[in-house]
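Open the model in a viewer and keep the sequence panel visible. The stops below can be selected by residue number.

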Amino acid sequence: MLSAPAVQQWAGRLYAHTASWIPFAHRRGYRQRLRTRILALWARTPWPEDHIYLRQVTQREHAELRGLLRPRGAGAPPLSVLLEGAAGVGKTTLATKLVLHWAEGVLFRGRFSYVFYLSGHWLAELGSTSLAGLLALDWPDSQVPLEEFRAHPERLLFVIDGAEELTLGSDGSAGRPGADWYQELPAASILVRLLKKELVPEATLLVTAGPPGGRALRRLLLSPRCVSIPGFTEGDRREYLRRFLGDPDKAEAAWRRMRESETLIGSCAAPLACWAVCAGLKRELAGSPASALGAPTPTSLYARLFCSLLAGAELGLRAGSSAGQWRAFCSLAAEGLWLAAFTFAGDALERRRLEAPFIDGLLRLQILRRVSDCEHCVTFAHRSFQAFFGALFYVLWGTRGSLGGVPRHQEMRRWLSDAFADANAYWRQMVRFFFGLLGTELARQLEEALGCQMSPGVAHEVLDWAEELERCGAISAHFDFLWLFQCLHETQDEDLARRVLNHLPEADLDIQGCEHLRASSFCLQHCQKLRKLRLSVSGQVLEKKWTSDEGTPEKRVADSQMHQWEDICSVFCSGNLSELDLSNSKLSMASVMGLCLKLGNPRCRLQKLIWKSVSPVEALRELGIVLRGNQRLTHLDLSSNSLDAAVCTGVFRMLRHSACSLKCLWLESCGLSAEVCHQLFTELSRNSSLSFLSLADNDLSHVELERLREPPGTTACALKELSLEKGNLSAAACEGLASLLASTPRLTRLCLGLNPLGDEGARLLCGPLTRPECVLQRLELWCCQLGAPSCRHLSDALLRSRSLTHLNLRRNNLGDGGAKLLCAALGHADCALQSLNLSHCSLTVAGCWALAHALKRNGRLKILDVGNNAVQDGGVKELCGVLRSPSCVLQTLGLEKCSLTAACCRPLSSVLGSSKSLENLNLLGNDLGPDGVNRLWTPLRKSTCKLRKLGLGKDLCSVVSADLEKLHEKGCFLRVTSQWDFNDPEERWWW
């Protein structure tokens, strides 16, 4: 018989054994349930019968999955991983494999006690719940071990798949770590708190999302590790095509055709999209040999695929009676793209009156598929399928829009404009398919396959949209010209391209591959009214040196690309193109020769040519030959090219030609040697047209600048504007500059910014400024290491010069002492200065007092910038005292980042109510507060206020937005901006 202590000991061991066994039983049951769930998800995701499975699970894949959740170092916050990638590339597959392998005990056995799989779509349909309730939904019984979860949260992994399916805001919560697991909230709010680590801060997160949703998730997740899922590699895509077609020769020929379309190759990163493209290619090759076909287009391949699928489908999908069903189905696809909805529940199908047999037929064709975790929901097998049928909606016969309220043609115009200004991948796919479906042959095939009539007036609606863009000036800096060209190329309709592009005034193209080159070739030859073109060729598309023999596929590709380049260059001879920018282009000498041939054509009317950072640099020799004797070219920018003496000889010779009309020449960042500069100066002495020259960002420390002056007995040099910014010029160079100023009577503008001139340099420069023959009007001395002593010499120059009207001393340590010295001249009635920039000059209230005192006697200064100084409210009060004077003519006042508060708004408000001249006031970067801005706003409501532009921070702009709208309704022209710009181009950097 056991003693009492023995019984207690035995009972304790039994309890301990039972306590350790219960969690194990929990985990085993949960693992089994989770495994069953994941396998069921996969079973409900069918693939086409002829789909090729390239790889199975391997040890390498296990290593990749382990690496995905590799722990951070000691002391680092718990891991949050964001898996990003295009639709269909395998994010969900990777996430569910990880969950399955954990459930099977293969991965993370010792790291995670529990892994929870949360589907975004499932959460979106869930409604309100709590975190505890959420976890209980997937538990095999009612005994959810929540206390175990909470006791060891670091052993929990949440896999959140498709988080973009929910609308995720900030949740507005200032949640605390370890918040209530039992609080009832909308599922989206619970997800946000999980992502922000407010509910289970110690847990590990693995989140998947497509590109649009990924941007929002990065803002919610704490220090996420972002991992891009690329999908099929190029080798995978090539292997898939080879195995799909079966015939290696056919596959190789088809691959070469596919390589001509980077978009097509890119889309094949997603396995199902790869199947769709290969299936379309297979059907296309069945009708014609590969050698007789051009580069395939995504629209033609998808159209052939769907036509082929429907040809073998049941009659109910092809009969004329199904036309209404097809229109409703396409409308559903378009509406989904408008609303970013990719899953459709039964009520959405019923609302469109889509019948069950029709939907079942699309499921059997695998155009649609069931949503794995929603029994009554469907989605498109791939999002590109939804984009295709969404585009098809806008070419089918009908007038009603997909959203119900707006007519179809207005809806179409809106998303067309958005698609060419937005990077949304789904809009871009749809607009490309839309243009491709405008082709008459594809329309005929689809009409026959679907039993639906296409609208004959869609092309005219596109033309109306294009004309409206040009007429209203809606083509902005964000407009994607190259994408428009690719979409027009998709139509294969040259007449439509010509009519759309006929009025295009400008284009900005960055050609990075064969597809871009081909689309630009197709479209630019139809841009006969083009006036301005920026054309950058990169990606080695024209840089390759082809060495293949005649007749080889590689040689045929090279010849085709050269023909396309010639078509592009033909726009230079349209007679209308006046500006051409080829910056950052990488060309071959053969393509350069073709380009120069067109530039030398008598029909070429080019006036401005930008040739910055163009390779090979030897191309400049050919360019110099072509431009020699050109009477029309007035502006030439050769900056950022490495110009040695051999290259420059040919370029500079054009300056001596009697027919040369060049007025402006940029040679910035060219690594110019003293020899090259002296050669240039010699040629300029024989030139009577060049009035502007920039040698900025070259080491000019050893250049004899006095050689630039007019040779004795000549009056040929016409140079008026000279920029030597960032030229490594010290005080030693200023003697030559002084000589240049004294002997070049036409020079009106000189920029010496970012040169270490120092006070001695300023002294030497100011000497010739006092002479009557000096006509310099603008002098830029910003960031030149000047101090207060420089201001004594500048003040003397300002007093005696009758021409100097603009002086920029920004970013020099002048201090209040320097300001007082300048004000000695500024306060003189004879001072001609109209614009003075003293920003970043270490001024205080005392400097403002001196400026205010000088302005009382100055009737010419129109622009004053004292921004980024410790002006403070006291300094503003001093300036406002003189600004209220009727004799003050100041039009622009810069007070950006001057440590101002709401207190300065009272005197400023008084100025705004009384000043007859102040039109521009920059108050950016000051803590004025809403009260201060409201005080400023009182005089602005009056019609007598002259202010036209006010600079305020973004937060303060929102305070006055409603009042500003009312002022505009009354005809007021006031602009409130959070980014300061200039009304008058003369106020800008003058080159």
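Which residues in α24 are buried? The model is predicted, and the tour starts by selecting residues 514–524, which form helix α24. The buried residues in α24 are C514, E515, H516, L517, R518, A519, S520, S521, F522, C523 and L524. The helix is mostly covered, with 11 of its 11 residues buried.

**Stop 2: the five-stranded sheet**

Select β1, β2, β4, β6 and β7. These five strands make an open sheet with parallel pairing, in the order β2-β4-β6-β1-β7. The edge positions belong to β2 (114–119) and β7 (225–228); each has a single partner strand, so one side of each is left without a neighbour in the sheet. From one strand to the next, the twist averages 15°.

Now zoom in on the β2 edge. Six bridges pair β2 with β4 (residues 156–161) in the parallel sense. Label V115 and look across to β4, where L157 stands opposite. Then add residues 91–103, helix α3, which packs on the sheet. Helix α3 touches β1 (80–84), β2, β4 and β6 (204–209), and its direction makes about 150° with that of β2.

**Stop 3: the three-stranded sheet**

Move on to β8, β9 and β10. They form an open sheet in the order β8-β10-β9, and the pairing is antiparallel. At the edges stand β8 (343–344) and β9 (368–370), each with a single partner strand, so one side of each is left without a neighbour in the sheet. Between β9 and β10 (residues 378–380), which run antiparallel, there are three bridges. To find one of the paired positions, label R369 and its bridge partner in β10, T379. Next show helix α16 (residues 356–364), which packs on this sheet and touches β9 and β10. The direction of α16 makes about 95° with that of β9.

**Stop 4: α14 against α17**

Select residues 323–339 for α14 and residues 383–393 for α17. Their axes are 7 Å apart, and the helices pack at an angle of about 115°. That angle makes α14 roughly perpendicular to α17. The crossing in which α14 passes α17 is left-handed.

Show side chains to see the contact. From α14 come W326, R327, F329, C330, S331, A333, A334, G336 and L337; from α17, Q386, A387, F389, G390, L392 and F393. By class, the residues of this contact are 10 nonpolar, four polar and one charged.

**Stop 5: α32 against α33**

For a second helix pair, select α32 (788–800) and α33 (residues 815–826). The axes come within 8 Å and cross at roughly 10°. The two helices are therefore roughly parallel to each other. On the α32 side of the contact are A788, C791, R792, L794, S795, L798 and L799, and these meet G817, G818, L821, L822, A824 and A825 of α33. The contact divides into nine nonpolar, three polar and one charged residues.

**Stop 6: C784**

Step back from α32 to the loop between it and β20 (778–780), where C784 is found. Is C784 buried or exposed? C784 is buried, with a relative accessible area of 0%. Select what C784 touches, leaving out residues up to four places away in sequence: L752, G753, L754, N755, P756, L757, G758, R811 and N812. To finish, set a distance label between the C-alpha atoms of C784 and G753: they are 31 residues apart along the chain and separated by 6.1 Å.

Key: Residues numbered from 1 in each chain as written. Predicted model: local features only at pLDDT ≥ 70, side-chain atom pairs only at ≥ 80, totals over all residues. Heavy atoms only, no water. Pairing = 2+ DSSP bridges. Helix = DSSP H or I, 4+ residues; strand = E, 2+ residues; numbered from the N terminus. Contact = heavy atoms within 4.5 Å. Axes fitted to C-alpha atoms, helices over the stretch in contact; angles between N-to-C directions. Parallel < 35°, antiparallel > 145°, perpendicular 65-115°, else oblique. Left-handed = near helix turned anticlockwise from the far one by under 90°. Nonpolar A, V, L, I, M, F, W, Y, C, P; charged D, E, K, R; others polar. Buried < 20%, exposed > 50% of the residue type's maximum accessible area, 1.4 Å probe, protein only.
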